[in-house]
Amino acid sequence: MNGAEGFPSALRAEHRTMEALMRRLDCARAHGGPSPDEELRLLTSLRLLLDAHLAAEEDHLYPLVRRCLPSGGALADAAARTHATIRRLLDRATDTRLASLDRGRSAAALLVVLRAHLRGEEERLFPALRARVAPEELRRCSRRLRQARPPRPGEPVWELPPGTGAIAAVRDHLTGHDTSLRRDSP
């Protein structure tokens, strides 16, 4: 095994977490729609993930794409435009000054754009990089992606295996199993 098969594992783990948040939004909408507070809470959780995730991709992943893939410049430029669209839709979806209907439309559009973007990275971009880029370069990029967001004190660590760290914290918070704020917890 040359280490390229799982590239980039940190980004892929974050994609799974984002997909879980989007499923929660979908589920709430399917059952009469989430309360404004619930939707805002879920979108805020999504923003926390997206802010660092998109910045890390722009700083470390897409320069690799530009250097190593045919038409890499065009791919990176398209990703930058998509990232801007995602940020703009997320801003509108969480803007409490807007009417609920407008926020809901923005949230729905955000989910469509974000899912398409994640699918494109997972199904086309990451495999193309694994096929064309030397394993050592992929490992170097993975290291940079991990180091791009060193954990702050009290912040979950993304590099822990599933069931621990940030992924578990987000999951537990969303499913109501978060005991960190309960006074009766040990």
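This passage walks through the helices, the nonpolar cores and one helix of a predicted model.

Let's start with the overall layout. The protein chain contains six helices and zero strands, so to speak an α-α-α-α-α-α pattern when read along the sequence. Of its 186 residues, 35% are buried. The accessible surface adds up to about 10,400 Å², and carbon and sulfur atoms hold 55% of that. Among contacts with a separation of 6 or more, 72% link residues 24 or more positions apart.

Next comes the inside. In soluble globular proteins, nonpolar side chains tend to be buried together. Here, the largest nonpolar core has 20 residues, and Leu43, Leu46, Leu50, Leu110 and Leu114 are the ones touching the most other members. H1, H2, helix H3 (72-93) and H4 each give two or more residues to this core, with H2 supplying the largest share, six residues. Take Leu46 as an example: setting aside neighbours within four places in sequence, Leu46 is in contact with Met18, Leu21, Leu110 and Leu114. Another core, of 17 residues, lies apart from this one, and its members include Leu11, Tyr62, Val65 and Ala79.

Finally, helix H5 (residues 135-147) is worth a look. With 13 residues at 1.5 Å a residue, H5 should span 18 Å, and its end C-alpha atoms are indeed 18 Å apart, so the two values agree. Glu137, Leu138, Cys141, Ser142 and Leu145 are the buried residues of H5. Seen down the helix axis, these buried residues fall within an arc of 140 degrees, which means they line one face of H5. Their cover includes helix H1 (9-30), helix H2 (36-68) and helix H4 (100-132).

Terms used: Residues are numbered from 1 along each chain as its sequence is written. This is a predicted model: local features need pLDDT of at least 70, side-chain atom pairs count only at pLDDT 80 or more; totals for chains, interfaces and linings use all residues. Side-chain values use heavy atoms; hydrogens and water are left out. Helices (H or I, at least four residues) and strands (E, at least two) are DSSP runs, numbered from the N terminus. The expected span of a helix is 1.5 Å times one less than its number of residues. Buried means under 20% relative accessible area, exposed over 50%, partly exposed in between (1.4 Å probe, protein chains only). The arc is that of the directions from the helix axis to the C-beta atoms. Contact means heavy atoms within 4.5 Å. A nonpolar core is a set of buried Ala, Val, Leu, Ile, Met, Phe, Trp, Tyr and Cys residues joined through side-chain atoms within 4.5 Å. Accessible areas come from the Shrake-Rupley method with a 1.4 Å probe; for residues, only the protein chains shown count as cover.
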